[in-house]
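Work through the exercises below with the sequence and the model open. Each task is followed by a solution in steps.

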Amino acid sequence: MPSPLSATRTGPRPADGDRVAIHGDLLDFTAEPAWGETDSAAVRFRPDHWLLVEGGRIVAAQAEPPGEGWTRHDHAGRLILPGFIDTHVHSPQIDVIASYGSELLDWLATHTFPAETRHADVDHAEKAAAYFIDALVAHGTTSAVVFPTVHAHSADALFAAAESRGMRVIAGKVLMDRNAPVDLSDDVATAEREMEALIAKWHGRARLAYAVTVRFAPTSSREQLALAGRVCRADPSLYMQTHVAENRAEVRWVHELFPEARSYLDVYAAVGLLHAKSVFAHGIWLDDTDRAALAAAGAQIAHSPSSNLFLGSGLFGWRGAEAAGVHVSLASDVGGGTSLSMLRNMADAYKIQALAGERLTAWKALHAATRGAALALGLGDEIGSLEPACIADVCVWDEAVGPVATRRASVARTLHERVFAWMTLADERNLVEAFVAGRSLYRRDTSLRSE
Ligand SMILES: [Zn+2]
């Protein structure tokens with residue numbers, strides 16, 4: 001596969017040595033920002049600071065430049081944030097991003113399944129996995145919860161690509177044994193064998209974790225759903241990822257397939273797939289009982305704004321979910337989503353909340369894609385903040401690229417106004433450098449800055 005990213009991707013760069021110092025305006029969170037609060041004590045903004053990284057971990061942040069023995073990356077005047085965490089994205093769907101004309105169920109059949117079928121070829125799957133992981137980093141996303149395909153080797157390829165770059169990735173082979181093309185279907189015995197082998201090989205290795213990956217209730221038999229639940233119960237350290245209540249036609253179909261279930265979510269809950277390590281994409285068409293069940297389990301909803309708008313799925317009630325105690329993180333859901341950029345997705349999330357009568361602050365959105373996602377995944381000690389002892393997954397951003405954004409930034413009066421304009425106008429072109437575990441994996445051609 002040709003790589004348009006290769007012009008700017010630097011690849012794993014020669015080791016900088018053990019001690020790296022990154023200079024700029026540090027922005028992260030020490031608590032959950034409240035709704036509507038533009039002046040929030042949860043925001044930690046440390047302009048003109050040095051972030052010190054030793055052995056791939058953050059060790060300190062200070063105003064004074066470091067002494068001898070530190071490799072310096074001077075990004076004065078630029079924003080430095082924890083790398084973004086995308087809690088729901090499909091690695092094989094880069095090829096169908098921006099496909100015209102359908103809602104969820106038709107979109108799966110017309111665009112997605114044919115693209116995923118091509119991953120039966122091992123060579124294709126390996127190249128696509130490496131391309132995908134590099135594309136994430138080139139968009140400022142340094143951790144992700146990912147759906148590959150039903151093919152066990154597609155999960156292998158994804159884990160291998162993440163491991164070689166030192167990235168935190170949570171993934172698992174997709175389970176689908178009905179209502180899917182024959183080429184994309186497994187069966188209960190094969191699924192069990194392949195999951196066992198993948199868990200033994202990858203779960204807990206490097207920065208990788210396995211997620212029992214049910215595509216969604218309609219494409220798994222009752223036996224396969226029961227298997228998925230058994231695997232989760234046998235090892236509570238495993239994650240679980242699936243889709244729930246994305247679109248109204250899908251919800252009706254689930255009610256037809258599982259007439260005994262109280263709700264779509266209940267299909268998963270009944271077999272043991274609702275737990276603290278569960279990541280449910282979308283969750284638009286849920287009721288209060290569902291939200292209470294999600295909260296009681298400590299599960300999270302991966303809100304996928306650009307996908308929800310693009311496929312016309314619905315407007316997610318973020319504030320209501322949060323008021324019910326549900327963890328909400330942010331996701332691109334590419335290829336239903338239209339950008340791997342979490343900033344583009346935050347801008348779409350703002351518009352969805354505006355239509356729902358709410359206003360999403362930059363702080364809420366950025367927190368959900370960093371510290372909030374990390375905590376919901378049980379990884380708050382590793383990712384999502386610039387706290388000492390966290391792994392140094394750090395991105396450096398230009399506040400403005402292009403004349404309009406530059407003009408807008410120049411007249412902003414408050415920190416929230418500046419950062420909100422950045423969140424709304426920026427995309428991956430604003431990304432200057434991305435560090436994963438203290439190693440620079442991506443550096444933009446800096447000439448863009450003067451545009
Ligand atoms: Zn999805």
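**Exercise 1.** Determine how the donor residues of the zinc ion are spaced in sequence in this predicted model.

Solution. The spacing reads H-x1-H-x152-H-x89-D. Next, place the donors: His88 belongs to strand β5 (residues 84-90) and His243 to strand β10 (residues 239-244), so this pair ties together parts that are 155 residues apart in sequence.

**Exercise 2.** Identify the protein donor atoms of the zinc ion and classify the site.

Solution. Start with the atoms: NE2 of His88, His90 and His243 and OD of Asp333 lie 2.1 to 2.3 Å from the zinc ion. Then take the angles among the four donor atoms, which run from 87 to 170°. Four donors count as tetrahedral if all angles lie between 85 and 135 degrees. The upper value of 170° does not fit, and the site is irregular.

**Exercise 3.** Decide whether His88 and His243 are buried or exposed.

Solution. The cut-off for buried is under 20% relative accessible area. His88 has 1% and is buried. His243 has 6% and is buried.

**Exercise 4.** Trace the open sheet of seven strands and find its edge strands.

Solution. The strand order is β3-β2-β1-β4-β14-β15-β16, with mixed pairing. β3 (57-62) and β16 (439-443) each pair on one side only, which makes them the edge strands. From one strand to the next, the twist averages 35°. Within the sheet, β14 (residues 394-397) and β15 (residues 431-436) pair in the antiparallel sense over four bridges, and Trp397 stands opposite Leu431 in β15. Finally, add helix α15 (residues 415-425): this helix lies across β1, β2, β4 and β14, at about 65° to β2.

Conventions: Residues numbered from 1 in each chain as written. Predicted model: local features only at pLDDT ≥ 70, side-chain atom pairs only at ≥ 80, totals over all residues. Heavy atoms only, no water. Donors = N, O, S within 2.8 Å, 3.2 Å for Na, K, Ca; no water. Tetrahedral: all angles 85-135°; square planar, octahedral: opposite > 155°, others 65-115°. Helix = DSSP H or I, 4+ residues; strand = E, 2+ residues; numbered from the N terminus. Buried < 20%, exposed > 50% of the residue type's maximum accessible area, 1.4 Å probe, protein only. Pairing = 2+ DSSP bridges. Axes fitted to C-alpha atoms, helices over the stretch in contact; angles between N-to-C directions. Contact = heavy atoms within 4.5 Å.
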